[in-house]
Amino acid sequence: MTVNKKSESVSIIGAGLAGTLMSILLAHRGHKVRVFERLPDQRREAIPAGRSINLALAARGIAALERADVMQQVLPLLIPMPGRLLHLPDEALTFVPYGQGDSEVIYSVSRPGLNRILLDAAEAAGVELNFRQSSVDADFRTHHILMRDESAGTTWELPMQRVIAADGAGSPIRHALVQGLRADATEDLLAHAYKELTLPPDTYGNHLIHKNALHIWPRGGFMLIALPNLDGSFTVTLFLARKGAESFESLQSTAAVDEFFQRHFPDAAQLMPKLATEFSENPTGTMGTVRCQRWALDDRLMLIGDAAHAITPFHGQGMNCAFEDCRELDELLHDRKDWADAFAAFEHSRRPNTNAIADMALENYQEMRDTVRHPKFQLQKVLSLELERRFPDRFVPRYSMVMFHDDIPYSTAQERGRIQHEILDTLTHNAATMDQVDFERAEQLIAARLSSI
């Protein structure tokens, strides 16, 4: 990796996944990097619950981890998931592959396990890690960030010079940017929330349901999903409306929880002996989309990851998108002479793509909880993979573009995906099976509407 000739001091707010990865990339370039994190060091102290336990790692995230030379350390944490396993209401199982062959898979990975690897790599690269240090506010007249030492209960000022804010969806730095510089920002809370539960292993530590799949129980207005863990357990997440007849609001008693799961997810419920207890004790998480009109201020400040553009989790791209932020900002800092130019270029080029994945994540929720159950969807899924095999330079399914092709921008995937969906609708309008699809018509439509990738 090329190192900048001029070493400079950089401050990063947040030692989560994006902040630590960004710190490693900058340290490899020879910069003096300091990271400030509100929470204790999770390698030494337990961190309160509230964030998802495992995540889906895909091509964009892998490319960024490889750029930081940490992918080899991450490999032992990964469980491959080549497709979705649908648990239908009649308890029938349907496996839907994500892509073509063994190379197009996503991976279940432990968030805390991955974060610990990145923290170790950051320290090894010479990054200075400072825990229990939180950002409170920012003064854009004096160009200082007000920090609080959570252990001592005192405040201090951090100069606003080459500061990268990776402090999450509730970013105090973004809120200060909105208040201090009147930057437009929206925080759209989803009407649905989530709760994480556990499907434990058997007495020998084996997975009780198929290990290598992302399990989905689609039920129209809501869904249950399960991702595998290395210890034989699954992290099970219920996505459900916050209010209404069937909602978190309506599940206030053990009896109500048991009845709800027995009615909608009986096969999962029978494998979750601590369901009622966990449902009562585990927090209910909120989800939303953050869009901010301004991420950068000269060479002083840059927002990345959820701090700039939080998205809902339904395309498995929150972490991958944040890691891609780190990779692209690192590339721009290498290619440009000064930080202000790199920050401005990053914001200009990145925003259309983060807006695109935010939209696609919301659309994917509808697909996962409802559309995926329908025969027409399943036919179009099979057809899209067949069209990719026949026309690989023109037709790549949108999901594949997002998850497996880090060289295709999100905005390109969104636009090509829209056209491809129209083509699929046309080809399946009068077709119920693959034998009834007119492939000559398919070739004509693809040639006319899709340029070579």
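Start by selecting residues 163-165 and 301-303: these are strands β12 and β19, and they pair in the parallel sense over three bridges. Zoom in on A165, whose bridge partner in β19 is L303. Keep in mind as you click around that this is a predicted model. Strands of a sheet pair through backbone hydrogen bonds, either parallel or antiparallel, so show the backbone atoms here.

**Widen the view to the whole sheet**

Which strands sit alongside β12 and β19? Colour six strands in the order β8-β2-β1-β12-β19-β18, and you have an open sheet with mixed pairing. Look at its two edges: β8 (128-131) and β18 (296-297) each pair on one side only.

Next, add residues 17-28. That's helix α1, which lies across β1 (9-13), β2 (32-37) and β12. Turn the view until you can compare the helix with β1: α1 runs at about 170° to that strand.

**Move to a second sheet**

Hide that part and pick out β3, β7 and β4. These three strands make another open sheet, in the order β3-β7-β4, and here the pairing is antiparallel. The edge strands are β3 (54-57) and β4 (79-81), each pairing on one side only. Tilt the sheet and look for its twist, which averages 35° from one strand to the next.

Now go through the pairs:

- Select β3 with β7: they pair in the antiparallel sense over four bridges. Click L57 and find its bridge partner in β7, Y107.
- Select β4 with β7 (residues 106-110): three bridges join these antiparallel strands. I79 has S108 as its bridge partner in β7, while M81 stands opposite I106.

While you're here, show some side chains too. In a regular strand the side chains alternate between the two faces of the sheet.

**Add the helix on top**

What packs on this sheet? Select residues 111-124, helix α4, which touches β3 and β7. The direction of α4 makes about 80° with that of β7.

Stay on α4 and show the side chain of D120. It forms a salt bridge with R43, and the closest N and O atoms are 2.8 Å apart. Trace the chain between the two: R43 is in the loop between β2 and β3, D120 is in helix α4, and they're 77 residues apart, so this pair links distant parts of the chain. If you'd like to hunt for others, the structure holds 31 salt bridges.

**Colour by domain**

Time to zoom out. Give one colour to domain 1 (9-75 + 110-187 + 288-366), another to domain 2 (188-287) and a third to domain 3 (374-449), following the domain assignment. Focus on the first two, whose C-alpha centres lie 30 Å apart.

How many residues are in contact where domain 1 and domain 2 meet? There are 17 from domain 1 and 17 from domain 2. Together the two domains bury about 1,200 Å² between them, 58% of it on carbon and sulfur atoms. To see a big share of that, select N54, G288 and Y365: they supply 42% of the area that domain 1 buries against domain 2, more than any other three residues.

What about charged and polar pairs here? Between domain 1 and domain 2 the count of salt bridges is zero, but six residue pairs are in polar contact across the interface.

For the last stop, highlight the elements that give two or more residues to domain 1's side of this interface: β3, β13 (185-199), β17 (284-292) and α11 (339-369). β3 gives the most, with three residues. You've met β3 already, as an edge strand of the second sheet.

Methods: Residues are numbered from 1 along each chain as its sequence is written. This is a predicted model: local features need pLDDT of at least 70, side-chain atom pairs count only at pLDDT 80 or more; totals for chains, interfaces and linings use all residues. Side-chain values use heavy atoms; hydrogens and water are left out. Two strands pair if DSSP finds at least two bridges between them. Axes are lines fitted to C-alpha atoms, for helices over the stretch in contact, and angles run from 0 to 180 degrees between N-to-C directions. Contact means heavy atoms within 4.5 Å. Domain bounds come from an automatic or database domain assignment. Buried area is the accessible area (1.4 Å probe) that two parts lose on being put together, summed over both. A salt bridge is a side-chain nitrogen of Lys or Arg within 4 Å of a carboxyl oxygen of Asp or Glu. A polar contact is a pair of N or O atoms within 3.5 Å; within protein, one must be able to donate a hydrogen and the other to accept it, and residues adjacent in sequence count only if both atoms are side-chain atoms.
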